[in-house]
Amino acid sequence: MTRRAVVTGASSGIGRATARILRERGWDVVGVARRAERLEALEEEIGIVGFAADLTRGEDVAALAQWLEESGPVHALVHVAGGARGVDAVEDARPEDWRWMFEVNVVSAQMLVAALLPLLRRAAAADGHADTLFVTSTAAQSAYAGGAGYNAAKAGEAMLAGALRLELNGEPIRVTQIAPGMVYTEEFSVNRLRGDTNAADSIYEGVENPLTAADVADVIAYALDAPGHVNLDVVTMRPVAQSAQHLLARGPLRPRSS
C-alpha cells in the first residue's frame with residue numbers, strides 16, 4: 001500500500017526536506033505552499049504533486065480539501081508551514097506581526113485539521129491508522145527576550161496539537177509534535193529579520209553543526225513510519241551545541257580535560 005502525505009511549507013526548508021525524504025521512502029506526497037513555481041520545480045525533481053495555496057485563507061484551505069478528496073486518500077497531514085516576524089521586545093512589537101504569526105502558525109493549523117480530518121478518518125478506517133504531525137519549536141516551550149510573539153504563536157500551535165490528541169482519543173489517528181531548536185535554513189531567519197542577511201548569518205556564527213532541515217525531516221519520517229500503534233507525542237530536538245533555548249556554545253565542541 002502506498003500512503004499519501006500532505007506536506008505544508010513544501011517550497012523550502014524543513015517542508016521541502018520532508019517532501020524529499022518521504023518520496024525516498026515510498027510515500028506519495030502532496031506539497032502545499034504559496035510559491036507555485038517552487039512546487040513545479042519539486043514536481044520535476046522528486047515527483048511530488050504540488051498544490052499552491054495560502055493556508056491563512058479559508059477559501060484556499062477549502063479548495064485544497066476538495067481537490068484532495070477528489071484525487072485520493074490522505075494518510076498524513078504534516079504541517080510545517082509557519083514562521084516568525086521580528087525580534088522586538090513586547091513593548092516595541094508590531095501588532096500586525098503578531099497577528100500574522102498567529103494566523104500562519106495557529107489559525108492555519110486549525111483550518112487544515114478541520115478540513116482534512118474527514119479524509120484522515122476515511123484513510124484510518126481503510127488502512128489502520130492516519131497521522132497528523134505539527135512542526136512547532138522549542139520557542140513553544142521556553143520564552144526568550146525578543147521572542148514573545150513567536151513564543152506565543154508556537155505555544156498556541158503546541159496547545160492545539162495537545163488538545164487534538166485528547167479529542168481524538170479512541171480513534172486510530174496519531175498526533176505528533178516535533179519541536180526543533182536551532183535549525184539552519186536558507187529563509188527562516190532572513191524572513192524573521194526582514195531580509196537582513198548579515199544579522200541572520202550572525203545567529204549561527206561559531207555554532208558547530210546547527211540542525212539542518214534534513215535532520216528534522218529525518219525525525220518526521222521516522223515518526224510517520226513507526227508502527228501504527230506507536231505515537232511520538234512530543235519530540236524536542238536541538239543541536240548538541242544548544243543545551244537549552246538560552247544556552248548556546250559558540251566555537252568548537254571539545255571534551256574538557258580531566
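These are my notes on a sheet, two helices that pack on it, and one loop residue.

**Entry 1, the sheet.** I'm working with a predicted model, so I kept that in mind throughout. I began with the strands and found an open sheet of seven, paired in parallel. Reading across, the order is β3-β2-β1-β4-β5-β6-β9. At the edges sit β3 (49-52) and β9 (234-237), each with a pairing on one side only. I also looked up the twist: on average, neighbouring strands here are turned by 15° against each other, direction ignored.

**Entry 2, one pair of strands.** Next I picked β5 and β6 (residues 173-180), which pair in the parallel sense over six bridges. For a single example I took F134, and its bridge partner in β6 is Q177.

**Entry 3, helices on the sheet.** Which strands does α2 touch? I found that α2 (residues 36-46) packs on the sheet against β2 (28-33) and β3. The direction of α2 makes about 175° with that of β3. Then I turned to α8 (residues 213-225), which also packs on the sheet and touches β4 (76-79), β5, β6 and β9. Its direction makes about 160° with that of β6.

**Entry 4, a loop residue.** I followed the chain past β5 (130-135) into the loop that leads to α5 (148-167), and stopped at T138. Is T138 buried or exposed? Its relative accessible area is 1%, and the cut-off for buried is under 20%, so T138 counts as buried. Leaving out residues up to four places away in sequence, I listed its contacts: A179, P180, G181, T236, R238 and Q245.

Technical notes. Residues numbered from 1 in each chain as written. Predicted model: local features only at pLDDT ≥ 70, side-chain atom pairs only at ≥ 80, totals over all residues. Heavy atoms only, no water. Buried < 20%, exposed > 50% of the residue type's maximum accessible area, 1.4 Å probe, protein only. Contact = heavy atoms within 4.5 Å. Pairing = 2+ DSSP bridges. Axes fitted to C-alpha atoms, helices over the stretch in contact; angles between N-to-C directions.
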